[in-house]
Amino acid sequence: MKIRTMALVSTTLATILPISVHAQTSSAPDFSRSAKERSTDIVVTAQRQAKTARAEEQAAPNVVNIQSAETIAKYPDINAAEALSRIPGVALSIDTAEGRFVNIRGLDGNLNGATFGGVVLLNTQPGGTYFNASGRAVEFDTVPVGAIDRIVVTKTGLPDHDAEGLGGTVELTPRTAIGAKRPFLEVTLGGGVQPLRGHGLYRDEVVFGAPFGGTNAEGNAPFSVVLTQFLYNDRRSFDDLEAAYINDQPATPDKAFDALELRNYNYNRKRFGFSGEFDFTPNDNHRLYARVSIAGYNESVHRLRLEIDGLADGVVVDPANPNGFVVTAASTVKTLRDEDETHRNVVYQIGGEHRFNDIKLDWFGAYSRATYVKHFDYNSNFNGPDRLAVGYDNITNPDFPTFRVLGGASITDSANYSLARITNQIESDRDREWSGAINLSTPLHLLDDDQLKFGAKLRLRRKIAAPQSFRYNYGGPAASLSSFATGAPITDFYGLYAIGQDINASAVRSFLTTTFNPAAPGAATPLFDDSEDVIAGYAQYKAVFGNVSALAGVRVENTHSIYRGTTVVTPAAGADIVTATSQSRSYTNVFPTIQLRYQPIESVIARATWSTGIARPGFFQTINNTQIDVGAGTVSTGNPALKPTYGNNFDLAFEYAPSADTFVSIGLFDKEFQDYIVTRTVRGSFPGITGIATIDTFSNISGAHARGIEVAGSTKFSGLPGLFSGFGIDANGSYVTSAGQIRPGESITLPGTFNYTANGALFYEARGLKLRLAGQYESAVLFGIGGSRATDVFQDKRLTLDFNGSYDVNRHLGLFVNLKNLTDEPLRFYEGSANRPIQREFYDLTFEGGVKLRF
């Protein structure tokens, strides 16, 4: 098995503290309403402040966590994924040391929902998602933190929310200038270094906002605008040691390698973000707005790889080392991957909010688009020495196995390698959606404080994945690697290994052009081309009975999908037969909920909720693409008939907050799922194949669950004398257990469920100085399902430590410093047990410093 780079999933939990910020806002908000309702207020007040977020968490009828822009700035996070990882119950998946996907309450990102200003966020690269790889998870690294005012994670959904999200949903609230009394300008300039290779990084961020147009009847400006720009460039390099084991014991000794790969990575990632919002508020009863967000990144990859194969062929225990092995027919390959890709997420939205006496009306229309373009992906393969006698020891130190060539040619000399082939892949994936929603609320006056709310939403989505692959086999005169080699030999791979010279990517491209003269690629046949239209309607009623508030309602969603693809039949003899296919499917789901909130005294809040949600099948699970090999009797196919996974969620939550600076909370949850989706290999009849076929596909299982507990606490020692009053502590953790019949007849943990996660931060905030040392821990997690427990793939436990410090020199100038991954914790995966590592990447720390200007 060849192991590709897999991303880190780190679970972190953080809390929100109230301190002042340099901002001008309007009057205090009405906290008697939910966070969802507050996000659509005509006058948005202080939503960037931590104290506002904290108060909304307490007042919400449901279980939510809200992280303000003020709190986001206290951590060294550069994108929405990393900022989300500071919220209780949220786990982070990283890619090349930067956050990308998030899991919520033990469920991976493909099973959760995400919106930006109420508009559903889309997936850019369906083939790049983790865990069940269904192609729905949102890449939150495409959204810079500077483009959002706050993050809301909803753990018990309301009827006026989209039902999509079994673990929870994420709402990113866009930046706004409503409530500002004067123009403002915020500029962040930063730079740093990644010491592992000495490469630098650069950041600049500009936010401009202003009210204008005089004043309306309430004394506020009728117009406001805010514009943001974000750029973050880094050139991260690291080494990656990967291994594949031969799993045919007792025929071969335990832990014998099949192959060993030494990978040297050099990335150049350029993140970008541009957003803007224009608001017209003629008075406090009416608002019209238009907003746009364009964000993403371009990434180029230069990966040098030395691969040693045949490490299990005729393997015997080394007679001189009982922890070692010896083979006599190993072979080598040296490869270069030269790749460039761009991810982009775009949202355009217009909307309005209106109040007619007691009646409130809000609406929006939007177009969103997510794209992934792989411009090129050249992989050049150079065959090297073979029939090698090799000895290796992967038992004494499994993370850093030793190996030596006992007989044969040098594996680090470029002259011993010759070009075998060059491949290229390009890809153009597009995910777009037109959407619109309308909501109306009015009191019924059945009680002193009640509200009926109802509305509808329409979503029209189309998602296309279109990869193309090209292969150029070289059969001319020997083309030695020496003609393509560049630089001095690499002898410090992990400080332990020598892997020879690097390969010049420009030289390979030039050789490809002059030797093969490849024609420009034509239009690709899509891997899939799917439509998914959702029509939804809801009604909910909220009432207050003394110290008890209750919300009950129901949401109905009808989904109509069309799955387009191809059937490819490989006959026993002759060319493949390709046929276009299309299937449609419709289903309707009902989502009731009851949410109770009890506040006997000001400092105590208790909640009991029952909510429901859905996770629609992934695009790679319903893919209408079938590969039939008649001669082999095998079939690989998606399953357009899959049912969506339906969840019943039960929550109990308690909070005690004796002061504005202190609180403790505990929450219990039980998520019960129907029709959870798993991979299956079955044997049976299949059209076109004589006899019994082996069919790889997807199917629903009757049930699965995720259950757990979350605890959190925060305090600031404001009672201590003098400077010591600035110290404080945030701490939280969770335990989640899950199970489902992922393999036939065997109930195991669901992929992506961390049993234990914890977060702790020691901070100091006083007199313009803010210091925060934050630690995060997650236990090992099931990453990929194998044929048995022995071949399941796990991400290993991980403990990281980050530091953020800032100092406000005055109201216009601030200084900051960030240190990430102080512990140099690796991204490590293993097969079956921890002493069988298959991947480990060490990133070293990242240092950044800079200035923040405010006018």
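## A walk through the strands

Select Asp160 to begin: with a relative accessibility of 7%, Asp160 counts as buried. Keep in mind as you click around that this is a predicted model.

**Asp160 and its partner.** Now add Lys453 to your selection. Asp160 and Lys453 form a salt bridge, and their closest N and O atoms are 2.9 Å apart. Asp160 sits in the loop between β7 (148-154) and β8 (169-174), while Lys453 belongs to strand β21 (residues 450-465), so the pair ties together parts that are 293 residues apart in sequence. Lys453 is buried too, at a relative accessible area of 6%. This is one of 62 salt bridges that the structure holds.

**Zoom out.** Show the whole chain as a cartoon. You'll be looking at five helices and 44 strands. The radius of gyration is 28 Å, close to the 29 Å that the globule rule gives for 855 residues, so the chain is as compact as a globular protein of that length. Its C-alpha trace spans about 85 × 65 × 50 Å along the principal axes. Of the 855 residues, 57% count as buried.

**Arg203 and Glu848.** Pick these two next. Their side chains meet in a salt bridge, 2.6 Å from N to O. Arg203 is in strand β10 (residues 199-212) and Glu848 is in strand β44 (residues 846-854), so you need to look at distant parts of the chain, 645 residues apart. Is this pair buried or exposed? Arg203 counts as buried at 6% relative accessibility, and Glu848 counts as buried at 3%.**Slide along to Asp808 and Arg854.** The side chains of Asp808 and Arg854 also meet in a salt bridge, at 3.1 Å from N to O. Asp808 is in strand β40 and Arg854 is in strand β44, and the pair links parts of the chain 46 residues apart. Asp808 is partly exposed, at 28% relative accessibility, whereas Arg854 is buried, with a relative accessible area of 17%.

**Arg798.** Stay in strand β40 (residues 798-808) and click on Arg798. Which side chain of opposite charge is nearest to Arg798? That's Glu778, 5.0 Å away, and Arg798 is buried yet has no salt bridge. Look at what the Arg798 side chain does reach: the backbone oxygen of Glu825, at 3.2 Å. The backbone oxygen of Pro826 also lies 3.2 Å from a polar atom of that side chain.

**Helix α2.** Select residues 50-59. Eight of the 10 residues in this helix are buried, so α2 is largely enclosed by the rest of the structure. Among the buried ones are Ala50, Arg54, Glu56 and Glu57.

**A patch on the surface.** Switch to a surface view and color Phe717, Leu720, Phe724, Phe727, Ile729 and Leu762, which make a nonpolar patch of about 520 Å². Phe717 is in the loop between β33 (689-716) and β34 (727-743), and is partly exposed, with a relative accessible area of 31%.

**Two distances to try.** Go to Glu341 in strand β16 (residues 324-356). Glu341 counts as buried at 8% relative accessibility. Draw a line from its C-alpha to that of Asn298: the two residues are 43 apart in sequence and 5.8 Å apart in space.

Last stop: Asn397, in the loop between β18 (388-393) and β19 (402-407). Asn397 is partly exposed, at 34% relative accessibility. Its C-alpha atom is 34 Å from that of Gly109, a residue 288 positions away along the chain.

Technical notes:
Residues are numbered from 1 along each chain as its sequence is written. This is a predicted model: local features need pLDDT of at least 70, side-chain atom pairs count only at pLDDT 80 or more; totals for chains, interfaces and linings use all residues. Side-chain values use heavy atoms; hydrogens and water are left out. Helices (H or I, at least four residues) and strands (E, at least two) are DSSP runs, numbered from the N terminus. Buried means under 20% relative accessible area, exposed over 50%, partly exposed in between (1.4 Å probe, protein chains only). Lys and Arg count as positive and Asp and Glu as negative; His and the chain ends are not counted. A salt bridge is a side-chain nitrogen of Lys or Arg within 4 Å of a carboxyl oxygen of Asp or Glu. A polar contact is a pair of N or O atoms within 3.5 Å; within protein, one must be able to donate a hydrogen and the other to accept it, and residues adjacent in sequence count only if both atoms are side-chain atoms. Patches are made of residues with over 30% relative accessible area and no salt bridge: like charges are joined within 9 Å, nonpolar side chains (Val, Leu, Ile, Met, Phe, Trp, Tyr) within 5 Å. Accessible areas come from the Shrake-Rupley method with a 1.4 Å probe; for residues, only the protein chains shown count as cover. The radius of gyration is taken over C-alpha atoms; the globule rule is 2.2 Å times the number of residues to the power 0.38.
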